[in-house]
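Please open the model in your viewer and keep the selection panel at hand. The stops below are meant to be taken in order, each beginning with something to select.

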Amino acid sequence: MQPFSEPVYITKPLLPGKDELFGLLTQIMDSGQLTNMGATHAAFEKALEEYLSVRNVSIFNNGTTALLVALRALALPEHGEVITTPFTFAATPHSIVWAGQTPVFADIDPATLTLSVEAVRRAITPRTVAIMPVHVYGLPCDVQGFEALSREYDIPVIYDGAHAFTTQVHGRSICEWGDVTMLSFHATKLFNSIEGGALVYNDPALRDKIYDLRNFGIRGEFSVQDVGINGKMNELQAAFGLLNLDLVKDEQERRKRLATVYYEELCGLEGVRCFVFPDGVTSSYQYFPLLLDPQNAATCETVYQRLRAFNVYARRYFFPLCSEYDPYRGFASAQAANLPVASRAAEQALCLPFYGELGEDAARRIARIIKRELGCLA
Ligand SMILES: *Cc1c(COP(=O)(O)O)cnc(C)c1O
């Protein structure tokens with residue numbers, strides 16, 4: 001087998017057609033308004049509400065600022081603890097710290113690799129002010145479990161849904177669960193507005209609060225009522241988002257075919273676990289993760305290195321765990337003994353290249369490189 005002639009990365013951003021983009025850009029430039037909630041911003045926000053069938057969407061310049069604003073918008077008691085997962089991207093715990101709270105790590109569920117409801121229950125103290133689970137890889141958290149816990153303890157739930165754009169549970173958007181859900185539209189995500197993000201929420205009373213916090217806390221020309229931030233999405237980002245929205249369904253269909261190839265070639269092999277979406281769940285097709293626990297000399301790391309030798313750049317999401325980052329490793333909740341399932345997952349998880357343009361033949365070649373490394377092909 002030959003290496004790929006060009007590097008194969010884990011994803012490639014969706015891009016709008018140039019004619020459509022230049023048409024919209026012309027409109028934006030002619031309008032003279034480049035940011036501060038212009039016409040394209042309004043159109044994109046509205047289009048997202050319709051696309052996701054949700055009531056309230058507020059768009060942001062990126063997902064991290066959106067998370068930060070979500071934490072502030074809920075007016076949590078100051079200097080509290082927010083229970084979250086270590087098996088996530090840095091933005092999740094970092095947003096908690098930037099919002100003046102302290103992250104507390106709890107372990108994950110082995111079936112979905114999302115935050116465990118039972119582990120969260122054990123971590124709740126009188127200082128707990130919120131729970132921030134992550135729909136990792138677009139696999140839904142136990143949303144019903146968290147809903148019950150949230151009611152029992154009267155603690156809000158903020159979902160990091162960066163991977164879960166269009167994920168549905170029993171025909172409903174995943175964003176209908178929890179007090180607020182953050183979506184990321186970063187270029188590496190399934191759906192992008194170059195950089196971008198959104199908050200989705202059920203309570204319409206949050207809209208004004210979020211609007212103000214996103215824009216420095218300014219209300220009217222001469223009044224600043226809150227310590228807000230600059231979280232505004234500009235018109236160019238909104239134009240990309242608006243046009244890319246039309247491409248998501250087709251991209252997901254193409255990814256679905258790649259997933260079929262990966263499933264056929266890899267699932268059921270000794271030491272390989274794939275993720276199957278439970279009944280009633282529609283996947284976002286954000287990532288194609290494997291858990292590798294081979295019985296022979298091959299490990300997740302040797303498979304990762306072997307792929308690199310073939311010019312294929314799979315990603316070890318999420319290794320290391322956030323709890324192992326310098327700012328967090330000293331926390332009591334960050335100790336490996338508190339996080340056995342997450343610690344194992346971090347050693348075993350590998351996300352394969354997954355974007356429509358990759359094509360089924362390339363996916364099959366990638367799968368065969370892995371199989372050979374695992375000793376399943378001569
Ligand atoms: C991408 C991502 C974010 C942050 O999104 P940005 O839009 O890049 O700020 C947050 N959480 C997770 C799990 C992510 O993957």
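The tour starts at the ligand, goes on to the pocket, and ends in two loops.

Before selecting anything, bear in mind that this is a predicted model.

**Stop one: the ligand and its shell**

Select the ligand and display the residues around it, of which there are 15, the closest being Thr64, Asp160, His163, Ser184 and Lys189. If you colour this shell by residue class, you should find 4 nonpolar, 9 polar and 2 charged residues. Colouring by secondary structure instead brings out α3 (63–73), α4 (91–98) and β8 (180–184), each of which supplies at least two residues of the shell.

**Stop two: contacts with ligand oxygen**

Now select Gly63, Thr64 and His163 together with the ligand, and show the distances. For Gly63, look at the backbone, where an N or O atom lies 2.8 Å from an oxygen atom of the ligand. For Thr64, turn to the side chain, which has a polar atom 2.6 Å from an oxygen atom of the ligand. His163 likewise offers a polar side-chain atom, and this one lies 2.8 Å from a ligand oxygen atom. With the protein surface switched on, you can see how the ligand is enclosed: of the 380 Å² of accessible area that the ligand has on its own, the protein covers 93%.

**Stop three: the pocket**

Hide the ligand and look at the space it takes, which is the largest pocket. This pocket holds about 550 Å³ of space. Its lining is made up of 29 residues, and those closest to the centre of the pocket are Phe89, Ala90, Thr188, Lys189 and Phe318. The elements that give two or more residues to this lining are α3, α4 and β8. By class, the lining divides into 14 nonpolar, 10 polar and 5 charged residues.

**Stop four: the loop between α10 and α11**

Keep Phe318 selected and follow the chain on either side, since this part of the backbone deserves a careful look. Phe318 is found in the loop between α10 (300–309) and α11 (340–348), and the peptide bond that leads to Phe318 from Tyr317 is cis, with omega near 5°. Moving along, select Phe319 and Pro320, which are joined by a cis peptide bond with omega about -5°; Pro320 also has its place in the loop between α10 and α11.

**Stop five: Tyr137**

Finally, select Tyr137, which lies in the loop between β4 (128–132) and α6 (143–153). Its phi is near 60°, a positive value in a residue other than glycine. As background to these last two stops, most residues other than glycine have a negative phi, and most peptide bonds are trans.

Notes: Residues are numbered from 1 along each chain as its sequence is written. This is a predicted model: local features need pLDDT of at least 70, side-chain atom pairs count only at pLDDT 80 or more; totals for chains, interfaces and linings use all residues. Side-chain values use heavy atoms; hydrogens and water are left out. A residue is near a molecule or strand if one of its heavy atoms lies within 4 Å of it. A polar contact is a pair of N or O atoms within 3.5 Å; within protein, one must be able to donate a hydrogen and the other to accept it, and residues adjacent in sequence count only if both atoms are side-chain atoms. Accessible areas come from the Shrake-Rupley method with a 1.4 Å probe; for residues, only the protein chains shown count as cover. On a 1 Å grid over the protein atoms alone, a cavity is a set of points where a 1.4 Å probe fits but cannot get out, and a pocket is an open set with protein on both sides within 12 Å along at least five of seven lines; lining residues have an atom within 4 Å of a point. A molecule sits in a cavity or pocket if more than half of its atoms lie within 2 Å of its grid points. Helices (H or I, at least four residues) and strands (E, at least two) are DSSP runs, numbered from the N terminus. Ala, Val, Leu, Ile, Met, Phe, Trp, Tyr, Cys and Pro count as nonpolar, Asp, Glu, Lys and Arg as charged, and the others, Gly among them, as polar. Grid points are joined across faces, edges and corners, and a volume is the space filled by probe spheres set on the points.
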